[in-house]
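Work through these exercises with the sequence and the 3D view open. Try each task before you read its solution.

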Amino acid sequence: TLAPYVGVENSDAVRIALADGLGATRSPHAVKPLTDLLDKPRRRPLVTKAAADALARTGDPRAADPLFKLLHQPDAETAKIGLDAGAALIGTLRDGPALEKAMSRFIAFHEMLDPHAYPGHVAQGCVAHRLFEALYEPMRFAMLALTEYHHKTGAEYRLWWNRNKEA
């Protein structure tokens with residue numbers, strides 16, 4: 001198994017290869033080492049992307065927490081990695097309660113971005129506004145891909161989800 005090597009390897013190229021290999025297994029046993037890789041301090045964006053993509057490929061509901069944690073990082077690049085991987089994970093989840101929880105968190109993040117969509121509501125220099133500028137369009141496309149509907153606000157997506165989550 002590749003998992004024991006993730007914690008001790010220092011080379012980014014090898015970490016990326018290990019993450020890809022673990023993700024390819026689609027094994028629930030890959031979640032812990034991939035999460036550990038995401039939790040490493042000062043990780044490089046390519047390592048973060050490889051670990052996040054691999055976590056999403058596992059399709060394991062436990063992958064949701066570390067992926068959605070990335071959405072709340074102060075740098076837009078890491079948050080975008082979390083957005084893309086979170087959307088991919090939602091597309092693979094088969095467990096009803098896990099899907100409901102992940103989708104609800106995704107919508108909550110969209111709702112957090114909503115005030116930034118309206119000029120004059122937020123100071124242009126705030127961290128959340130910079131995240132909004134980087135993530136609003138990708139978030140809209142992700143929500144459209146997941147729901148097959150285009151709504152203007154996170155609140156509209158929440159209404160759609162509440163009506164359709166049982167389907």
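**Exercise 1. The whole chain**

Find what share of the contacts with a separation of 6 or more comes from residues 24 or more positions apart. Then describe the fold and its buried share.

Solution.
- Step 1. The model is a predicted one. Among its contacts with a separation of 6 or more, 59% join residues 24 or more positions apart.
- Step 2. Count the secondary structure. There are 9 helices and 0 strands.
- Step 3. Read along the sequence. The pattern is α-α-α-α-α-α-α-α-α.
- Step 4. Take the buried share. Of the 167 residues in the protein, 41% are buried.

**Exercise 2. One helix, two sides**

Compare the reach of helix α2 with the expected value. Then decide where its buried residues lie around the axis.

Solution.
- Step 1. Helix α2 covers residues 12-25. It has 14 residues.
- Step 2. From its first C-alpha to its last, α2 reaches 20 Å. That is close to the 20 Å expected at 1.5 Å a residue.
- Step 3. List the buried residues of α2. They are Arg15, Leu18, Ala19, Leu22 and Gly23.
- Step 4. Look down the axis of α2. The buried residues fall within an arc of 130°, so they line one face of the helix.
- Step 5. Recall the general rule. An α-helix has 3.6 residues a turn, so residues three or four places apart point the same way.
- Step 6. Check the other side of α2. Ala13 and Ala24 are exposed there.
- Step 7. Test Ala24 against the cut-off. Exposed means over 50% relative accessible area. Ala24 has 51%, so Ala24 counts as exposed.

**Exercise 3. Two helices side by side**

Work out how α2 and α4 are oriented, parallel or perpendicular. Then sort the residues of their contact.

Solution.
- Step 1. Helix α4 covers residues 45-58. Its axis and that of α2 come within 8 Å and cross at roughly 10°.
- Step 2. Apply the cut-off. Angles under 35 degrees count as roughly parallel. So α2 is roughly parallel to α4.
- Step 3. Name the contact residues. Helix α2 gives Asp12, Arg15, Ile16, Ala19, Asp20, Gly23 and Ala24. Helix α4 gives Leu46, Val47, Ala50, Ala51, Ala54 and Arg57.
- Step 4. Sort them. The contact has 8 nonpolar, 1 polar and 4 charged residues.
- Step 5. Zoom in on Val47, which sits in helix α4. Val47 is buried, with a relative accessible area of 1%.
- Step 6. Leave aside neighbours within four places in sequence. Val47 then contacts Asp12, Arg15, Ile16 and Leu37.
- Step 7. Take Val47 and Arg15. They are 32 residues apart in sequence, and their C-alpha atoms are 6.6 Å apart.

**Exercise 4. Loop, proline and a further helix**

Locate Arg26 and Pro33. Then state the reach of helix α6 and list its buried residues.

Solution.
- Step 1. Arg26 is in the loop between α2 and α3. Its phi is positive, about 55°, although Arg26 is not a glycine.
- Step 2. Pro33 lies in helix α3, residues 31-39. Pro33 is buried, with a relative accessible area of 9%.
- Step 3. Pair Pro33 with Leu55. They are 22 residues apart along the chain, with C-alpha atoms separated by 9.6 Å.
- Step 4. Pair Ala24 with Leu55. They are 31 residues apart in sequence and 9.6 Å apart in space, C-alpha to C-alpha.
- Step 5. Turn to helix α6, residues 76-92. Its 17 residues reach 24 Å, close to the expected 24 Å.
- Step 6. In α6 the buried residues are Thr78, Ala79, Ile81, Gly82, Leu83, Ala85, Gly86, Ala87, Leu89 and Ile90.

Terms used
Residues are numbered from 1 along each chain as its sequence is written. This is a predicted model: local features need pLDDT of at least 70, side-chain atom pairs count only at pLDDT 80 or more; totals for chains, interfaces and linings use all residues. Side-chain values use heavy atoms; hydrogens and water are left out. Axes are lines fitted to C-alpha atoms, for helices over the stretch in contact, and angles run from 0 to 180 degrees between N-to-C directions. Helices (H or I, at least four residues) and strands (E, at least two) are DSSP runs, numbered from the N terminus. Angles under 35 degrees count as roughly parallel, over 145 as roughly antiparallel, 65 to 115 as roughly perpendicular and the rest as oblique. Contact means heavy atoms within 4.5 Å. Ala, Val, Leu, Ile, Met, Phe, Trp, Tyr, Cys and Pro count as nonpolar, Asp, Glu, Lys and Arg as charged, and the others, Gly among them, as polar. The expected span of a helix is 1.5 Å times one less than its number of residues. Buried means under 20% relative accessible area, exposed over 50%, partly exposed in between (1.4 Å probe, protein chains only). The arc is that of the directions from the helix axis to the C-beta atoms.
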